[in-house]
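Q: Hey, I'm new to this one. Can you walk me through it?

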Amino acid sequence: MKKDVLIRIVGLQSLGSSGSQEPIELVIGGEYYFRNGSHYLKYEETVEGFDQTTINYIKINPKGVEVRKKGLINVHMVFEKEKKNVTYYTTPFGNIEMGISAARVNFQEGIDHLGLRVDYVLEMNGEYVADCFLTVEAQSKGAGNFVF
């Protein structure tokens, strides 16, 4: 896969204390590289009303998936099958303790395309929030028709 990629991320977002959920989708340009047996995706995102951006890194390897956010929002989420990982999600409004238990991690790769799906249980501050999913697809910008 080439360095310049288009990344599509679809996930499930919990909304407030009501527990209602809403899927979110982001399609953005980014970078891809392969190093030491791991696939990496990098992209920047902005939050409305703030000047500072957040740089996102997604690392995919046989052990699992890591998502790091650095900037306005800071977090290091680790998704490993049948293992619970705890982290802190830091925002301008405060910190939230997150527990992530991945039930399934599926990864597929092609010449100009990567596909990832993670099904996981999300806890916040020690309380169950939802059964969630995250899908990530990346494709080389020069590959022609995008598969998304």
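A: Sure, we'll go through a hairpin, some aromatic pairs, the salt bridges and a couple of loop residues. Keep in mind that this is a predicted model.

Q: Let's start with the hairpin. Which strands make it, and how many residues sit between them?
A: That's β3 and β4, with 6 residues between them. Strand β3 covers residues 38–46 and strand β4 covers residues 53–61.

Q: Do those two pair in the parallel or the antiparallel sense, and over how many bridges?
A: Antiparallel, over 8 bridges.

Q: And what stands opposite E44?
A: I55, which belongs to β4.

Q: What about the turn, which residue there has a positive phi?
A: G49 does, with a phi of about 95°.

Q: OK, new topic: rings. How many aromatic pairs does the structure hold?
A: It holds 3 aromatic pairs. One of them is Y33 with Y40: the ring centres are 4.9 Å apart and the planes are at 10°, so that pair is stacked.

Q: Why does that angle make it stacked?
A: Because planes under 30 degrees apart count as stacked, and the planes of Y33 and Y40 are at 10°.

Q: Is Y40 buried or exposed?
A: Buried, since its relative accessible area is 18% and the cut-off for buried is under 20%. Y33 is partly exposed, at 25%.

Q: Got another ring pair for me?
A: Yes, F79 and Y120 form an edge-to-face pair, 5.1 Å centre to centre with 70° between the planes. This pair links distant parts of the chain, 41 residues apart.

Q: Where do F79 and Y120 sit?
A: F79 is in strand β6, residues 75–79, while Y120 is in strand β9, residues 113–124. F79 and Y120 are both buried.

Q: Switching to charges: how many salt bridges are there?
A: The count comes to 9 salt bridges. Among them is R8 with E25, whose side chains meet at 2.8 Å, N to O.

Q: Where are R8 and E25 along the chain?
A: R8 lies in strand β1, residues 4–15, and E25 in strand β2, residues 20–35. They are 17 residues apart, so this pair also links distant parts of the chain.

Q: What else is linked in a network with R8 and E25?
A: E137 is, and salt bridges make up that network. As for E25, it's exposed, with a relative accessible area of 52%.

Q: Which residue does K83 form a salt bridge with?
A: E80, with the closest N and O atoms 3.5 Å apart. K83 is partly exposed, at a relative accessible area of 43%.

Q: And R117, which side chain does it meet?
A: R117 meets D119 in a salt bridge, at 2.9 Å from N to O. R117 counts as partly exposed at 31% relative accessibility, whereas D119 is buried at 15%.

Q: Last bit: the loops. What is the phi of N36?
A: Near 50°, which is a positive value in a residue other than glycine. Most residues other than glycine have a negative phi.

Q: Where is N36 found?
A: In the loop between β2 and β3. N36 counts as exposed, with 76% relative accessibility.

Q: And what about the phi of N125?
A: N125 has a positive phi too, near 50°, and isn't a glycine. It lies in the loop between β9 and β10, the latter spanning 127–140. At 53% relative accessibility, N125 counts as exposed.

Terms used. Residues numbered from 1 in each chain as written. Predicted model: local features only at pLDDT ≥ 70, side-chain atom pairs only at ≥ 80, totals over all residues. Heavy atoms only, no water. Pairing = 2+ DSSP bridges. Helix = DSSP H or I, 4+ residues; strand = E, 2+ residues; numbered from the N terminus. Phe/Tyr/Trp six-rings, centres within 6.5 Å; stacked < 30°, edge-to-face > 60°. Buried < 20%, exposed > 50% of the residue type's maximum accessible area, 1.4 Å probe, protein only. Salt bridge = Lys/Arg side-chain N within 4 Å of Asp/Glu carboxyl O.
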